[in-house]
Amino acid sequence: MLGCAAHAAVVVARAAILPQSSAAKTEPGRVVTDETGRRVAIPADVKRVVTLAPNLTETIYALGLEERLAGDTDYCDTPPAAKLKPHVGGAQNPSLEAIVALHPDLVLATTSINRPETADALAKIGVPVYTTDPQTVRGMLESTAQIADVMGAGAQGTELVARLQGRLDAIAARLTDVPPAHVLFVVWENPLITIGQTTFIADALRWAGAESVIVSSQKWPHITFEEVVRLQPDYIVFASNHAGFESEELGALRSREDWKQLRAVELGHVAVMSEEVNRPSPGLVDAIEQLAREVHPQAFLKKENGKVPLENGKVKIENGSSVRVAAIEEFHVRAGLRPVPTAKFDDAYLGAAL
């Protein structure tokens, strides 16, 4: 529900747009169906666009269409130049007056953060709104291509998507026959919140050769720390844009009695992804590549005669379990436990230990 304040804004916005409405209706245009199934009439030539979410703003810049970006939200900060654009408020409560004052030919919204009432209110006063709904990494690529198309920049969209898909394919080739790392993705520490299988973050992890140890149909399940200790993930994964966050977070976890129960913390297996993993936009591919290199470093080292050098200077024939075996050996040594004979590292032992 819009409420009294929002209704007043709609009235003001309606008045502001009326002088240009008749001219806009005489321009030839087209009708497209957005990703929510809504039919949207858009001008043939989209010269001014307002984005209502950070991932949409980033997509406009990735397509090289930033000159057409008339405004964005208070939280659009990637790339830094986006912060210099006129802002229309927050993603969930943008100012309709501010949007209309920018005279957009098109407004871009997304189901992941924007309220459908915003699109409804804008549509009522003649402002076309195209809403995206990416749920997977491939969905992000498709949305990118669709945004380019509605902006009349299909060629840029095709080129960008092909480049991004090529990078994803290169990562997949590196990880062929490499078993996935089992990770705990930490959305929030207190209370402990992680991701469900249906989030685009979970899909991004799979592209990076990782899978969540938590299986849940909820998008953002709350979990107990006892459950994490029982599952013993290979890596603890955070998202941050803060330089040095990884070492700071590892030090903090090692100082806490509960987190010290995890082998991943003891081994220093704390990975920090770029905060781009939180956004279904082209920068998501950067985050995927970053995590893949962190949890599968051996897959990205130069191979020599079918062998991969390990950090301790030894060379081991590459196989699906070599890195995990090394991790268990290191944990036993650092924890002062009796070494386990190498012959015992069969699938059954690995499954139980990891």
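**Entry 1. Terms and overall counts**

I take an axis to be a line fitted to C-alpha atoms, for a helix over the stretch in contact, with angles running from 0 to 180 degrees between N-to-C directions. The model I am reading is predicted.

I looked up the totals before any detail. The protein has 13 helices and 12 strands. Of its 354 residues, 47% are buried. I also checked how far contacts reach along the chain: among those between residues at least 6 apart in sequence, 60% join residues at least 24 apart.

**Entry 2. Helices α6 and α11**

I started with α6 (residues 154-174) and α11 (residues 284-295), whose axes come within 10 Å and cross at roughly 15°. Angles under 35 degrees count as roughly parallel, and α6 and α11 are therefore roughly parallel to each other. I noted the crossing of α6 and α11 as left-handed.

Which residues meet here? From α6 I listed L164, R167, L168 and I171, and from α11 V285, D286, I288, E289 and A292. Sorted by class, this contact of α6 with α11 holds 6 nonpolar and 3 charged residues, and no polar ones.

The spacing of the list recalls a general point: an α-helix has 3.6 residues a turn, so residues three or four places apart point the same way.

**Entry 3. Helices α5 and α6**

Next I looked at the packing of α5 on α6, where the angle is about 165° and the axes are 7 Å apart. With over 145 degrees counting as roughly antiparallel, α5 and α6 are therefore roughly antiparallel to each other. The crossing of α5 past α6 is right-handed.

On the α5 side I wrote down V137, R138, L141, T144, A145 and A148; on the α6 side, G154, G157, L160, V161, L164, Q165 and L168. By class, the contact of α5 with α6 has 8 nonpolar, 4 polar and 1 charged residues. L164 and L168 of α6 appear in this contact and are also listed in the one with α11.

**Entry 4. The sheet of β3 to β6**

I then traced an open sheet of 4 strands, ordered β4-β3-β5-β6, with parallel pairing. Its edge strands, each paired on one side only, are β4 (69-71) and β6 (129-132). I recorded an average twist of 35° from one strand to the next.

Strand β3 (residues 49-51) pairs with β4 in the parallel sense over 2 bridges. Within that pairing, V49 stands opposite L69 in β4.

I found helix α5 (residues 137-150) lying across β5 (106-110) and β6, with its direction at about 165° to β6.

**Entry 5. Residue V150**

I picked V150 of helix α5 for a closer look. Is V150 buried or exposed? V150 has a relative accessible area of 2% and is buried, the cut-off for buried being under 20%.

Leaving aside residues up to four places away in sequence, I listed R30, V32, I42, V46, L106 and Y130 as those that V150 touches. V150 and R30 lie 120 residues apart along the chain, yet their C-alpha atoms are separated by 9.4 Å.

**Entry 6. Helix α2**

I checked burial along α2 (residues 54-62) and found 8 of its 9 residues buried, so α2 is largely enclosed by the rest of the structure. The buried ones are P54, N55, L56, T57, E58, T59, I60 and Y61.

What covers them? The cover over the buried residues of α2 includes β3, β4, β5, β6 and α5. After α2 I noted G64, with a positive phi near 75°.

**Entry 7. The sheet of β7 to β10**

A further open sheet of 4 strands has the order β8-β7-β9-β10, again with parallel pairing. The strands at its edges are β8 (210-212) and β10 (270-273), each pairing on one side only. Neighbouring strands here are turned by 40° against each other on average, direction ignored.

β7 (residues 181-185) and β9 (residues 235-239) pair in the parallel sense over 3 bridges. L184 has I236 in β9 as its bridge partner.

Which strands does helix α7 touch? Helix α7 (residues 200-207) packs on this sheet against β7, β8 and β10, and its direction makes about 150° with that of β7. Helix α11 also packs on the sheet, touching β7, β8, β9 and β10, at about 165° to the direction of β10.

**Entry 8. Tying up**

I close with the helix links. α5 touches β5 and β6 and packs with α6. α6 in turn meets α11, and α11 packs on the sheet containing β7, β8, β9 and β10.

Terms used. Residues numbered from 1 in each chain as written. Predicted model: local features only at pLDDT ≥ 70, side-chain atom pairs only at ≥ 80, totals over all residues. Heavy atoms only, no water. Pairing = 2+ DSSP bridges. Contact = heavy atoms within 4.5 Å. Parallel < 35°, antiparallel > 145°, perpendicular 65-115°, else oblique. Left-handed = near helix turned anticlockwise from the far one by under 90°. Nonpolar A, V, L, I, M, F, W, Y, C, P; charged D, E, K, R; others polar. Buried < 20%, exposed > 50% of the residue type's maximum accessible area, 1.4 Å probe, protein only.
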